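Student: I keep meeting labels such as "buried" and "salt bridge". Can we go through how they are earned?

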Amino acid sequence: MDLGEFQIPGNSDPNQKTSHLSLDIGGSLIKLVYFSTNDGDDDDELGRLGKESVGVSNGNRSFPVLKGRLHFSKFETCKINDCLDFIQTKQLHIGGCQRLGALPIEKTIIKATGGGAYKYADLFKEKLGICLDKEDEMDCLVAGANFLLKAVHQEAFTYLDGKKEFVQIDHNDLYPYLLVNIGSGVSMIKVEGDGKFERVSGTNVGGGTFWGLGRLLTKCKSFDELLQISHQGNNRVIDMLVGDIYGGTDYSKVGLSSTTIASSFGKTISDKKELQDYRPEDIARSLLRMISNNIGQIAYLNALRFGLKRIFFGGFFIRGHAYTMDTIAVAVDFWSKGEAKAMFLRHEGFLGALGAFMSYEKHGLDDSMIHHLTQKFPMSSLVGDKICSPLNGELNDNESIECSVYAS
């Protein structure tokens, strides 16, 4: 697929509101991506652009242009009915494809990936009258990542020592790279090109572990609440450090500083305290650090195994959270002795949903494509020609990618 070209179903009437939907239904979260020519904000300049069309030429052929946005949203999988209500209210499922030769009640299909595409297929058909056309999860993750890295401006960035820097991606030197997708569990994928990849490793200690153990230990009611309280935590109350073992000094012979964690949760062994004696904030901080550090280390070891210098981290475990990214980045930097860098993605949690969105091209709708993509940010985030994103907090549901769609 050429840079900037992206196959999606179009609408021959550019004045008609168009929306399209793809789903990534995971064990913890449901991620949605959909295209719309009208987000309902008539007073916004970009909103007005969404209703306009102009004639453009592509070789010997001309197409109308639909200007709109790709939107991103998410729901907890355990609250799937909220997701169904959202789709129903916005009528997102109306823009589905038509499967040739299918019965009338089975004609509308929506692209979906993840285990939930199988688990909840009957529910979507019962509640919304749509069929989920299932795409392979790994195929979608890689397709989504490749597309973002090639087509979206300032998508990838590094985060180390509190500094966030966007990375310029050389499209001719993108491959190979390691994609580390942190969902409920973790998959590590060696990507060698479009459609060329291999899942080389993974771990069952991921976002589901953080949320599951955190829920048991802190009584937090949601993943976001657990992540939020970690901001106020101090992991040194819970973790045993090298300095705790060596009387406050470094273990310099092997390159370990006194502040290096020797044992996650290790300090609780000698403390004569019960669970209720520890602050939930400190427990959350220690748990987040333990899992993030572990993922960073395993990721680098796999990159080393295959001689990969680039490691991209995605998945909703990260959530643009500064402490999470910093911990992962420090782990990669430490174990690689500064030779490898952890890189993160702005649309980290939507790789699978984007990949499913891209798979609509398999239906032969070749005349429709996203021709140009520009990142939409709140005006307050623009400083000169640089984009300054919040250091804490994930991609907001109301952020989107502005794009132009050539419609057949």
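Tutor: We will take some labels one by one and test each against its cut-off. Keep in mind that this is a predicted model.

Student: Why is Phe317 called buried?

Tutor: Its relative accessibility is 2%. Buried means under 20%. So Phe317 counts as buried. Phe317 sits in the loop between E15 and H10.

Student: What makes Phe223 and Phe317 an aromatic pair, and which kind are they?

Tutor: A pair of rings is described by the distance of the centres and the angle of the planes. Here the centres are 6.5 Å apart and the planes meet at 80°. The limit for a pair is within 6.5 Å, and over 60 degrees counts as edge-to-face. So Phe223 and Phe317 form an edge-to-face pair. Phe223 lies in helix H7, residues 223-230, so the pair ties together parts that are 94 residues apart in sequence. Phe223 is at 10% relative accessibility, so Phe223 counts as buried. A search of the whole structure finds 14 aromatic pairs.

Student: Where else do rings gather?

Tutor: Ring pairs link Phe157, Phe166, Phe313 and Phe344 into a cluster.

Student: How do you know that Arg319 and Asp224 form a salt bridge?

Tutor: Their closest N and O atoms are 2.5 Å apart. The cut-off is within 4 Å, so the label fits. This pair links distant parts of the chain: Arg319 is in the loop between E15 and H10, and Asp224 is in helix H7, 95 residues apart.

Student: Are Arg319 and Asp224 buried or partly exposed?

Tutor: Take each in turn. Arg319 has 4% relative accessibility, so it counts as buried. Asp224 has a relative accessible area of 38%. Partly exposed covers what lies between under 20% and over 50%. So Asp224 is partly exposed.

Student: Why is the contact of Arg279 and Glu281 called a salt bridge?

Tutor: Their N to O distance is 3.8 Å. That passes, because the rule is within 4 Å. Arg279 is partly exposed at 40%. Glu281 is partly exposed at 22%. In total, the structure holds eleven salt bridges.

Student: What makes Lys111 part of a network?

Tutor: Salt bridges link Lys111, Asp133 and Glu135. The side chains of Lys111 and Glu135 meet at 2.6 Å, N to O. Lys111 is in strand E6, and Glu135 is in the loop between strand E7 and helix H5. Lys111 and Glu135 are both buried.

Student: How do you know that E15 and E16 pair?

Tutor: Count the bridges. They share four, in the parallel sense. Pairing takes at least two, so E15 and E16 pair. One example is Ile311, whose bridge partner in E16 is Ala342. The chain crosses from E15 through H10 to E16, and this β-α-β crossover is right-handed.

Student: What joins E8 to E16?

Tutor: Two bridges join them, and the strands run antiparallel. Ala156 stands opposite Leu345 in E16. Strand E16 is mostly covered, with four of its five residues buried.

Student: Why is helix H11 called largely enclosed?

Tutor: Eight of its eight residues are buried, so the rest of the structure largely encloses H11. Among them are Leu351, Phe357 and Met358.

Student: What lets Trp335 join a surface patch?

Tutor: Trp335 has a relative accessible area of 38%. A patch residue needs over 30%, so Trp335 passes that test. Trp335 lies in helix H10. With Val330 and Phe334, Trp335 forms a nonpolar patch of about 260 Å² accessible area together.

Conventions. Residues are numbered from 1 along each chain as its sequence is written. This is a predicted model: local features need pLDDT of at least 70, side-chain atom pairs count only at pLDDT 80 or more; totals for chains, interfaces and linings use all residues. Side-chain values use heavy atoms; hydrogens and water are left out. Patches are made of residues with over 30% relative accessible area and no salt bridge: like charges are joined within 9 Å, nonpolar side chains (Val, Leu, Ile, Met, Phe, Trp, Tyr) within 5 Å. Accessible areas come from the Shrake-Rupley method with a 1.4 Å probe; for residues, only the protein chains shown count as cover. Buried means under 20% relative accessible area, exposed over 50%, partly exposed in between (1.4 Å probe, protein chains only). A crossover is right-handed if, with the strands pointing away from the viewer, the path from the first strand over the helix to the second runs clockwise. Rings of Phe, Tyr and Trp (its six-membered ring) pair if their centres lie within 6.5 Å; planes under 30 degrees apart count as stacked, over 60 as edge-to-face and the rest as tilted.
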